[in-house]
Amino acid sequence: MQGETNIWIHALAVLTVLAAFPLLFLGAEVTTKGVGMADQRPVVNPLSALWEIIAGQQSGGWVIEHSHRLAGWLVGLCGIVLTAALWLGESRRWLQWLGTVALVLIAAQGLLGIFRVQLNAILGPTLAWVHGSFAPIVFATLVSLALCTSRAWSACGLAKPARGVFAKPQAENVARHWSLAMVALVYLQLVMGGMVRHQGSILAARGHLLGAFAVVAGLLWLLKLTWNVTVCRWPNRLILGLLAVQTLLGVEAWFSWMKRYFVPAAANEESAALHWLRSGHYVVGAMLLATTVVLMLQVHRSARAAEVTA
């Protein structure tokens, strides 16, 4: 039996995703500009930090770092309200627990941010890499929650079987497994990109470059498998657009990284636009992971609906 969609809960889920988006970009800017330790206090009163930002009492790096922290507080607040709304107004127990998982992930990411500052002297950039690699998981979970609270998700279970739209009878199972594999591959690509950004690893840079070809080829094949599935059309088109943008950003980010690697002094000459480009490369990567997760969920949901009605 399908749960009835609550439009207000869905709106809260979408609002949480929208709040998380600038958090991703600000976190990327912290790494791009190397200002993660602009303030070595792991916890600062957010109202005090906001006042200092408004008053213009701090450096640009300090402002970016604390804007990132303030955005984190906002996402945490949204997560608390959303989880409470799910437990109070949502009848589907699995959605209530998904909201709880999302809140736990938000809290874990916040703790990683605190420990990144506290343990910098011991772990250096390693924990910053973990913090940056965990963020796309949190974002993808929030996007999944927004999808699962939507009317489109509920309607999918009532739709006519989608089995016949696959090119071959076995393509449905292939799409299921391949979508899972692509979620893992896209995430691995993000992790290797983080090693390049945080640790300057030339080995990770090689793996990240080769991984880019694998991700593009793998996602294009997944799109071919699912292109005619009705509920997969919008994530397919979004993935196609994100792939195009990410490829362009990746090429520019790659050349700028190589220049800094061989000529370290070149980092001092980089423009703000180049910094935004590199941060954008990370953000679009996180968006690509989240959209791939959405496509995976839609493939599994559509196939399950076909099995139930068969």
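## Exercises on helix packing and burial

At 12% relative accessibility, Leu127 counts as buried. The model used in these exercises is predicted.

**Exercise 1.** Find where Leu127 lies, which residues beyond its sequence neighbours it contacts, and how far it is from Thr292.

Solution.
- Step 1. Leu127 belongs to helix H6, residues 125-148.
- Step 2. Buried means under 20% relative accessible area; Leu127, at 12%, is therefore buried.
- Step 3. With neighbours within four places in sequence left aside, Leu127 contacts Leu112, Phe115, Arg116 and Leu119.
- Step 4. Leu127 and Thr292 are separated by 165 residues in sequence, and their C-alpha atoms are 26 Å apart in space.

**Exercise 2.** Decide whether Thr292 is buried or exposed, and list what it touches.

Solution.
- Step 1. Thr292 is found in helix H11, which covers residues 272-309.
- Step 2. The relative accessibility of Thr292 is 0%, so Thr292 counts as buried.
- Step 3. Not counting residues up to four places away in sequence, Thr292 touches Met182, Val183, Val186, Leu219 and Ile239.
- Step 4. Two of these names return in the next exercise: Leu219 of H9 and Ile239 of H10 take part in the contact between those helices.

**Exercise 3.** Describe how helices H9 and H10 pack: their relative direction, the handedness of the crossing and the make-up of the contact.

Solution.
- Step 1. The axes of H9 (residues 202-226) and H10 (residues 233-262) come within 11 Å and cross at roughly 170°.
- Step 2. This crossing angle makes H9 roughly antiparallel to H10, because angles over 145 degrees fall in that class.
- Step 3. The crossing in which H9 passes H10 is left-handed.
- Step 4. From H9, the contact uses Ile202, Ala205, Leu209, Val216, Leu219, Leu220, Leu223 and Thr226. From H10, it uses Asn236, Ile239, Leu240, Leu243, Thr247, Trp254, Trp257 and Tyr261.
- Step 5. Sorted by class, the contact of H9 with H10 has 13 nonpolar residues, 3 polar residues and no charged residues.

**Exercise 4.** Classify the ring pair of Trp257 and Tyr261, and state how exposed each residue is.

Solution.
- Step 1. The count of aromatic pairs comes to 4.
- Step 2. In the pair of Trp257 and Tyr261, the ring centres are 5.1 Å apart and the planes make an angle of 25°, and the pair is stacked. The cut-off for stacked is under 30 degrees.
- Step 3. Trp257 and Tyr261 are 4 residues apart in helix H10, so about one helical turn separates them.
- Step 4. Trp257 has a relative accessible area of 9% and is therefore buried. Tyr261, at 37%, counts as partly exposed.
- Step 5. Ring pairs also join Trp254, Trp257, Tyr261 and Phe262 into a cluster.

**Exercise 5.** Describe the packing of H3 and H4, then place Leu111.

Solution.
- Step 1. The axes of H3 (residues 60-89) and H4 (residues 93-118) come within 9 Å and cross at roughly 160°.
- Step 2. That angle makes H3 roughly antiparallel to H4.
- Step 3. H3 and H4 have a left-handed crossing.
- Step 4. Residues of H3 in the contact include Gly76, Gly79 and Trp87, and those of H4 include Trp97, Gly99 and Leu103. By class, the contact of H3 with H4 has 9 nonpolar, 6 polar and 2 charged residues.
- Step 5. Leu111 lies in H4 and is partly exposed, with a relative accessible area of 44%.
- Step 6. Leu111 and Pro42 are 69 residues apart along the chain, and 9.7 Å separates their C-alpha atoms.

Key. Residues numbered from 1 in each chain as written. Predicted model: local features only at pLDDT ≥ 70, side-chain atom pairs only at ≥ 80, totals over all residues. Heavy atoms only, no water. Axes fitted to C-alpha atoms, helices over the stretch in contact; angles between N-to-C directions. Helix = DSSP H or I, 4+ residues; strand = E, 2+ residues; numbered from the N terminus. Parallel < 35°, antiparallel > 145°, perpendicular 65-115°, else oblique. Left-handed = near helix turned anticlockwise from the far one by under 90°. Contact = heavy atoms within 4.5 Å. Nonpolar A, V, L, I, M, F, W, Y, C, P; charged D, E, K, R; others polar. Buried < 20%, exposed > 50% of the residue type's maximum accessible area, 1.4 Å probe, protein only. Phe/Tyr/Trp six-rings, centres within 6.5 Å; stacked < 30°, edge-to-face > 60°.
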